[in-house]
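Here are a few exercises to work through with the model open beside you. Try each task on your own before reading its solution.

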Amino acid sequence: MLARLFSSISSKLMVVIAMSVVAMASGTYFANHIMREELLNQKESELRHLVEGSISLMSRFVDLAKKGDMTEADAKKAALAALRGFRFGDGNYIFVYEPDGINLLTAPRPELEGKSLIDMKDAAGNFLIRGLLAKAAAGGGRLDYLWVKPGDAVASAKMSYAATVPGWNWMVGTGFHVADVEIVVREHTSTLVTMSGGAVLLLILAGALVYRSITRPLARLTTAMERLRAGELDIEIPGARRPDEIGLIARAVDAARQDQRQRAEAEMRAEADRQVADKENRRQALLTVTREFEGSVKVSANGIERNAIGFLSTSDKLIAMAAETKTRVEANAQESAAARDSVETVAGAAEELSSSIHAIVSQVNSAASLTRQAVTEMANATEVIRSLEQASAEIGNVVALIQAIADQTNLLALNATIEAARAGEAGRGFAIVASEVKSLASQTTTATDQISHRIELIQATTKRAADATLSVGKSIGTVSTISEAIACTLGEQNSAVGEISRAITSTATATDALAANMSKLLEFSNDTDAVAHAVATSARDLKAESNELNTQIDRFVGGLKAG
């Protein structure tokens, strides 16, 4: 709070003026209070002197009574008579009481004389006579109370002083209303307030003049300093010719302005020289980076192209192998169908087994020969499919290499973008080409992801084809074993027609399974062929994108060299 209050010179001046006004008002109040207390003390002293003078007068009559010149009764009457006509101030008088509260003298109200007023109370309910008697018995003292002044309707403060008459033990006292003092105090207060008000007014006027003579020049000087801070170094500093402290500040600010202007000019010259040097350094650095970028990216692009060509060659081989696999599978399917027809013929001629045993042997040998050939063909198909699976794995490695090259290209494009941002306006074309290179790298990444997905499909299909050919091979092996057993035992088993019939039935079942497996293998071969064509298409796309990458690199490097 105090920090905000004294945060500016204007507020400090206002605080000083306000404190001065408060100090003068406080001084007026305390002066009025001290004056009132001093008047009351003075009145108390006057009351004491009046009471002591009255006691001194009455002491003479006490001495006369002691000497016998007067009787005590006559001396008391004479003493009271001497005080009855005594007046001072605004009708104030002397009163006398006996120790038991019997009133002996109250000149304005003689009807109270001779009566006991020991229980008399003031307007506040305090015992008045008892208090005065106590003060007198204590050697004399002052008593303040509330009493109605003659002519007033409301009780006001009154001060009395009482003491004891030696010898007679009477209480003698007098008093006056404090309102008389208040009137004097108010008169003096009015005069003091008038004088203080004039002084305060002069102080405010003087403060306003000082405030105006300080704050306005300071405000103009502050505005000029704000403009200086904003960079306006050619402005005129107000107040620089003043002979006072504000002029000293203004001249110091003007000197600082001159120094700042000289420093700014020197910095501008240095900045211009530095910009020329930086521009040349950036140009040299850009040429170096361009040469390095051209070399590294060319190597990467050539590697992509070589891998794309190799990938295309591999995909062509894959298509050829898939076509050959399909041809052989179709041939095996036809042979399996022929074997199934032969077995059915044998089954139909089972009833004529006794008359055509030699024909049966011939057919069994033919079936055995066909099954052996089928086993050989299935082994070859399995070997081809495994070669296809190995080629797919090699294609996956090529795709991984392409992905790594795309990532390196993307990193180079990011570095080129950073260098273009550092180059500022001169690297705008560099940034555009870098963005195109980054976009091309992203497209290459997308293409390799698609190729990877397709290769995974080829591998899965190849695995299923291998499993199927293995199953078919097992089935054909079973058929071959059965056929050989039939050929070896047919001459010895002429009597076992029933057993031969069951063997023929088993052979028919196996050939049906063989035909079904060959159908599945034909489907797998068709899938392999489709995947091989898809791989070839991806390889051609990759080679086209590699060529486009080389074109973009040549254009990018040409733009950098031209810039």
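**Exercise 1. Place V433 and decide whether it is buried or exposed.**

Solution. This is a predicted model, so take the values as computed from it. Start with the accessibility: V433 has a relative accessibility of 17%. The cut-off for buried is under 20%, and V433 therefore counts as buried. Next, find its element: V433 belongs to helix α8, which covers residues 428–489. Finally, look back along the chain to T417, 16 residues away; its C-alpha atom is 8.8 Å from that of V433.

**Exercise 2. Describe the overall make-up of the protein chain: how many helices and strands does it have?**

Solution. Count the elements to get nine helices and five strands. Then read them from the N terminus, which gives the order α-α-α-β-β-α-β-β-β-α-α-α-α-α. Now turn to burial: of the 563 residues, 34% are buried. The surface comes next, with about 31200 Å² exposed, 57% of it supplied by carbon and sulfur atoms. As a last step, take the contacts between residues at least 6 apart in sequence; 68% of these join residues at least 24 apart.

**Exercise 3. Work out the surroundings of N103: which residues is it in contact with, leaving aside neighbours within four places in sequence?**

Solution. First locate N103 in strand β2, residues 103–106. Its relative accessibility is 0%, so N103 counts as buried. Within the strand, the side chain of N103 makes a polar contact of 2.6 Å with the side chain of T106. Beyond the neighbours within four places, the contacts of N103 are V96, Y97, L112, E113, G114, K115 and L117.

**Exercise 4. Find which residues of helix α4 are buried and what covers them.**

Solution. Helix α4 spans residues 128–137, and its buried residues are L128, I129, G131, L132, L133 and A136. Recall the geometry: an α-helix has 3.6 residues a turn, so residues three or four places apart point the same way. Then look at the cover, which includes β1 (94–97), β3 (141–148), β4 (155–165) and β5 (170–177). After the helix comes G139, with a positive phi near 105°.

**Exercise 5. Characterise the largest pocket: what is its volume, and which residues are closest to its centre?**

Solution. The volume is about 490 Å³. Of the 23 lining residues, Y93, T106, P108, W147 and K158 are the closest to the centre. Two or more lining residues come from each of β1, α4, β3 and β5. By type, the lining divides into 13 nonpolar, five polar and five charged residues.

Key:
Residues numbered from 1 in each chain as written. Predicted model: local features only at pLDDT ≥ 70, side-chain atom pairs only at ≥ 80, totals over all residues. Heavy atoms only, no water. Buried < 20%, exposed > 50% of the residue type's maximum accessible area, 1.4 Å probe, protein only. Helix = DSSP H or I, 4+ residues; strand = E, 2+ residues; numbered from the N terminus. Contact = heavy atoms within 4.5 Å. Areas by Shrake-Rupley, 256 points an atom, 1.4 Å probe, with all protein chains shown as cover. Polar contact = N/O pair within 3.5 Å; in protein donor to acceptor, adjacent residues only side chain to side chain. 1 Å grid on protein atoms, 1.4 Å probe; cavity = no way out; pocket = protein on both sides within 12 Å on 5 of 7 lines; lining within 4 Å. Points joined across faces, edges and corners; volume = space filled by probe spheres on them. Nonpolar A, V, L, I, M, F, W, Y, C, P; charged D, E, K, R; others polar.
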